[in-house]
Amino acid sequence: MDLIYSVIAVIGTLVVAFIVSLFLPGIERKFIHARIQQRVGPPITSPGLMAPIKFFFKQTITPESSMPRLYNALPLISLIIVVILLLFLIPEMYFLGALASVIALVGFLKVEEVMYMFMGSLSRSVMSVRMPFPDKAKGAAHQDTPQTFFEELSSLRAFRLIAFGSFPLYIAMFVAVARTGSIYLQDIIAYQQVHGPILFTVAGVMGAIVFFIGYMILLNEYPFSILKGKPDVIEGPYMEYAAKYRAYVYITRGFLMFTLATLFSTLFLGIAPNILNPAFIINLIVALLFPMLMAVLSAFSPIFTYKQFYPTVAGVSIIGVLAIVAALL
Amino acid sequence: MDDKKENRTVIEAEVPMGTVHPAALEPYRLRLFVEDEIVRDAEMTVGVNHRGVERIMEGLPVEKANSLTEKICGICSNSHIWNSCRTAEIALGIEVPERAKYIRIIMEELERLHSHLLYLAHGSEVLGHETFSMRLFYIRETVMDLLGTIGGNRVQYGSAVLGGVRPRCELDDNRIKQITDGMDLLEEKTTAFADRFVSDPMVISRITGVGVISQKDAIRLACTGPTLRATGVAQDLRREMPEYDPFEFDVITQDDGDVKSQLLMRVLEIPEAIKIIRQAVRDLPDGPITNRSWEMQDTPITKSYIEVPRGTLYHSYALEDGRVRNCVIRTPSMANIGAMQHACIGHHITDAQLSVVQCDPCFTCTDRAIEIIKL
């Protein structure tokens, strides 16, 4: 009976998460961006649900890549990583021990980040070097300079994000660890069931702010969209994805939005995602609230360059460290 | 900054952008030579969109050629047709009725308003601020509606004809009221936007000290229009044009020559354009709007310069049997290309397109083959 309960809880949670995640991009764009910008906006199902469905039925292209099959497989691998992340957040999976810990989650998130580097390294879109244009014509400047693709630039930026950009998110995750004295999700939830949510402490509030900024950075949302920005690298690592592979990219993004919000409610509210637990509604509310807040902030921000990005990350990381110190006290 | 711009020896890699790029409204190739994502040198190439308008105009009857000039640009269409008509009017000595002159000024200043608002919207978009961009496009609709009402069309109004303006563009009391109300609404909206714009710390942080063009460089690179005025040079051809003599307006300048100055230039020029339109509507003289009592004759090459939203526009041609010969057109963006390249240097690669956009490029205007035919 317990086994059936667990199977239903795991599968049910994943299915509901998947369904909700399909609507998150639509909610973000229709109800926040469009309202703020005084326009009608797309139908709510369009960006997250109808667009992937449409892409599944499109004819695909063979990308200009040194390893096209690997390149095309990367969004699916990303999706699997994000699903695994959510899987380990579900209480029924806590028997796995170390895999259901903050350290393991950080590891999986890092792997997800590395995917952008791979995508960028393996892509050669037509938008820059391959654009048919006589750059090396007589009289042209710096003819011996090697030419760089936008995706290579994106790949380097992904590396910088791994190196320091995602600090805020990981530091915020360790606020819960510092407070509870355990890296295991099971212990973190148990602590909050006894002592109340960490969010309602000073350390928790500071950690939540830092987590939210980290959430935006990991999702590459404006103003932190240095990996894929219209002014220079355009779509960055995703540029060559077409048809079903682009659909995977869209689905992964929606699922990551849900998973990170669920991670927040697990670490800061002590509510793990489980469809058979009535408190699951809190997970859903947080999952809706995060993209909406993100959309508000991104609607009123220009895109950052390193000049703004470095100080923001440094400042937020310092707040995160202070939150950890406050949690330890 | 000057030291940075002089340091052009260390080139790590080239990042080519375009000719198709979402941050560029029009096709051009921008080669950026970078070192750790900082642009050390830049090379811009235009020419992929040329339509050879001057060549097509060669031998056309002057009335047809005038209409054709309007198709050069979708933003400053009125400027081209006005200057083309003005060229023939100077050559043939046609006296334009006062009322027609005022209507031409109203059309031109309305075009300046929509051009500046489009510039600000595009600049905001490249800045990554979609909300500003959308709101500016929304504000711009007021001007577009007025242009559509007067000219019957939102882009190609065809208001100027030889000797005056088209009868469709006559301003009756109802239209004058629409313009007056439109200006009130526009002033209110643009003031609110300007307040919001200058008080946004994130936007100001992104545009201050970016894409700097010093006054010395602006003069050396032969910049024109607001791009030049944003470096502190009070050069506005409207001060020299007899058509603008009846109107009071200030020539706006800024000192820093960066993206902030360029954007503020356009923001501050909007109230001046509104001021001119209000004066023109208030003092609109009575009388005919077209002078048809002129005769065609052969003329030598005649030049005409006017101040359009982007700077100084030049048209010249000769007339032979009523047909256009040796037509040459120089748009302001042509003069500003050097500044666009220069502005990228020393700044982050993300700011490169912004540095180009700050000069308000219109390459579809600029891309025209110049062919000299020996007759």
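Visitor: In this predicted model, which residue of β3(B) does B:Phe33 stand opposite?
Guide: Strand β2 of chain B covers residues 29-35 and strand β3 of chain B covers residues 38-45; the two run antiparallel. B:Phe33 belongs to the pairing of these strands, and its partner in β3(B) is B:Asp41.

Visitor: How many bridges join strand β2 to strand β3 in chain B?
Guide: Two strands count as paired once DSSP finds at least two bridges between them. For the antiparallel strands β2 and β3 of chain B, the number of bridges is seven.

Visitor: Which residue takes a positive phi in the hairpin of β2(B) and β3(B)?
Guide: The hairpin has two residues between its strands. The phi in question is near 50 degrees, and the residue that takes it is B:Asp36.

Visitor: How many helices are there in chain A?
Guide: From the N terminus on, the elements of chain A are an unbroken run of α. Chain A has zero strands, and its helices number 11.

Visitor: What radius of gyration does chain A have, and what does a compact globule lead one to expect?
Guide: Along the principal axes, the C-alpha atoms of chain A fill a box of roughly 75 × 45 × 45 Å. A compact globule of 329 residues would have a radius of gyration near 20 Å, so the value for chain A agrees with that expectation: 21 Å.

Visitor: What share of the contacts in chain A between residues at least 6 apart joins residues at least 24 apart?
Guide: Of the 329 residues in chain A, 49% are buried. Among the contacts between residues at least 6 apart in sequence, the share that joins residues at least 24 apart is 79%.

Visitor: Is A:Pro197 buried, exposed or partly exposed?
Guide: A:Pro197 sits in the loop between α7 (185-195) and α8 (202-218) of chain A. Its contacts beyond four places in sequence are A:Gln192, A:Gly204, A:Phe268, A:Leu269 and A:Gly270. A residue is buried with 20 or more other C-beta atoms within 10 Å and exposed with 12 or fewer. A:Pro197 has 16, so the class is partly exposed.

Visitor: What distance separates the C-alpha atoms of A:Pro197 and A:Lys230?
Guide: Along the chain, A:Pro197 and A:Lys230 are 33 residues apart. The separation of their C-alpha atoms is 40 Å.

Visitor: Which helix of chain A gives the most to the side that touches chain B?
Guide: The contact takes 34 residues from chain A and 36 residues from chain B. On the side of chain A, 18 are nonpolar, 11 polar and five charged. The top contribution is three residues, and the helix that gives them, residues 306-328, is α11.

Technical notes:
Residues numbered from 1 in each chain as written. Chains lettered and ligands numbered in written order. Predicted model: local features only at pLDDT ≥ 70, side-chain atom pairs only at ≥ 80, totals over all residues. Helix = DSSP H or I, 4+ residues; strand = E, 2+ residues; numbered from the N terminus. Contact = placed C-beta atoms within 7 Å. Rg over C-alpha atoms; globule rule 2.2 N^0.38 Å. Nonpolar A, V, L, I, M, F, W, Y, C, P; charged D, E, K, R; others polar.
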